[in-house]
Each structure stands twice: as structure tokens, then as C-alpha cells.
Amino acid sequence: MKNYNSAYHEKQIYNSKFPIRIIFHKDNPKMIVTPHWHYGIELLYVEKGEPGICYILGKEYKLKENHLLIIGPSTIHRLELCITDSDKLLTLIIPPEWLFYIHDTEQFLLTVDPISINLDLDFTDSNLIILRNKFHELINISSNNNISWKQK
């Protein structure tokens, strides 16, 4: 259960043409993201380096190279980052309705338990190589400013 007294609701604003928020994190030696939650599903992908720690529901996850951390909707989390030139960290926040609604009827396709969706995936696993390569492409496009992205 959320402790709403210690976490704030981070409202997301999505572009209607591309309804995914993309954040390519740049050089920031001491970045603290206070406890918050949002309705979107958050994907934190570390292409390079070890830029810090993510706390999800109080559990500590060290951000490691080639790992994807998936944070479920409405899940309280916070970050302690130390991003240098040698780190590459990408955050995607996907609105839940984009994944879980049937557009015509606006009914939920499935119900998600936020605790069960939090995952730390090792992208060095051979089964995840294709997905890892797609994240690398997105990072390259984002870092070259070919698509709209927000720097934190």
C-alpha cells in the first residue's frame, strides 16, 4: 500500500503523437529524485555504466550496465543517481492506457498488481539481445536529438 504522506504523485504529460515520455539522462554528478509515483509504467535502461540506485517500495536496486528495471504503475520509487560522461541511462514512461485498454471500448485488457510487475532484467541474457539492441537504437537517436526528448 502506498504511503501518500511521503511520496508525491508525479503527473505525466504525454505528446499525443508519440505517447511515451523519453528522458535521456545527461551528466549530473548528484541527482536525487524524491519518492514519487505515477500511473505510467517506467522503464529504466542502463546502456553503459553504473549510474546509481533505484528504490522501489523500499527495496534497493543497483542500476547496472545492460539492465532494464521495470517499475509498475502507481508504485512508489525514488532514485539516487551519479551520472558521469561514461554513463548512459534512458527512462521511458509509458501511459498505462496505451498498454492495457482496448481503444474502442476503453475496457481494461488485464489488471496489473503493481508489486508483481517490478523486474530487473539482465540484457546480457541471449534471449533479450533483440530488445537490448532496440534500446541502444533509441538511445542513439535520442542522444543525437533526432527525436524529441527531455534531459534531466
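Here is a walk through this structure, from the overall layout down to a few single residues.

What you are looking at is a predicted model, in which local features need pLDDT of at least 70 and side-chain atom pairs count only at pLDDT 80 or more, while totals for chains, interfaces and linings use all residues. Residues are numbered from 1 along each chain as its sequence is written, and side-chain values use heavy atoms, with hydrogens and water left out.

Let's start with the whole chain. The protein chain has three helices and 12 strands; these are DSSP runs numbered from the N terminus, with helices being H or I of at least four residues and strands being E of at least two. Of its 152 residues, 44% count as buried. Buried here means under 20% relative accessible area, exposed means over 50%, and partly exposed is in between, using a 1.4 Å probe on protein chains only. Now take the contacts between residues at least 6 apart in sequence: 75% of them join residues at least 24 apart. A contact means heavy atoms within 4.5 Å.

Next, the sheet. Five strands make an open sheet in the order 1-3-8-5-6, with mixed pairing; two strands count as paired if DSSP finds at least two bridges between them. Strand 1 (8–9) and strand 6 sit at the edges with a single partner strand each, so one side of each has no neighbour in the sheet. In general, strands of a sheet pair through backbone hydrogen bonds, either parallel or antiparallel.

Strand 5 (residues 52–56) is a good place to settle in, since it is mostly covered, with four of its five residues buried. Strand 5 runs antiparallel to strand 6 (residues 59–63), and five bridges join the two. In that pairing, Y55 stands opposite E60. The two strands form a hairpin with two residues between them, and L57 in the turn has a positive phi of about 50°. Strand 5 also pairs with strand 8 (residues 77–83), in the antiparallel sense and over five bridges. There, I56 stands opposite H77. Carry on across the sheet and you find strand 3 (residues 28–37) paired with strand 8, antiparallel and over five bridges, with N28 opposite I83.

One residue of strand 5 deserves a closer look: I53. I53 is partly exposed, with a relative accessible area of 21%. Leaving aside neighbours within four places in sequence, I53 is in contact with E60, Y61, L63, R78, L79 and E80. I53 and L79 are 26 residues apart in sequence, yet their C-alpha atoms are 5.8 Å apart in space.

Now for strand 2 (21–25). Five of its five residues are buried, so strand 2 is largely enclosed by the rest of the structure. In a regular strand the side chains alternate between the two faces of the sheet. Here both faces are covered: R21, I23 and H25 are buried on one side, and I22 and F24 on the other. Strand 2 is joined to strand 9 by five antiparallel bridges, and R21 stands opposite I93 in strand 9.

That brings us to the nonpolar cores. A nonpolar core is a set of buried Ala, Val, Leu, Ile, Met, Phe, Trp, Tyr and Cys residues joined through side-chain atoms within 4.5 Å. The largest has 15 residues, and those with the most contacts inside it are I22, L43, L68, L90, L92, F123 and F135. Strand 2, strand 4 (41–48), strand 7 (67–71), strand 9 (88–94) and helix 3 (129–143) each give two or more residues to this core. Apart from it lies another core of 14 residues, among them C54, I56, I83 and L89. Back in the largest core, L92 touches I20, R21, I22, I41, E42, L43, F135 and L138, not counting residues up to four places away in sequence.

Helix 3 also holds N133, which is partly exposed at 36% relative accessibility. N133 and F123 are 10 residues apart in sequence and 9.4 Å apart in space, C-alpha to C-alpha.

Finally, the cysteines. The structure holds zero disulfides, a disulfide being a pair of cysteine sulfur atoms within 2.5 Å. C54 counts as buried at 0% relative accessibility, whereas C82 counts as partly exposed at 39%.
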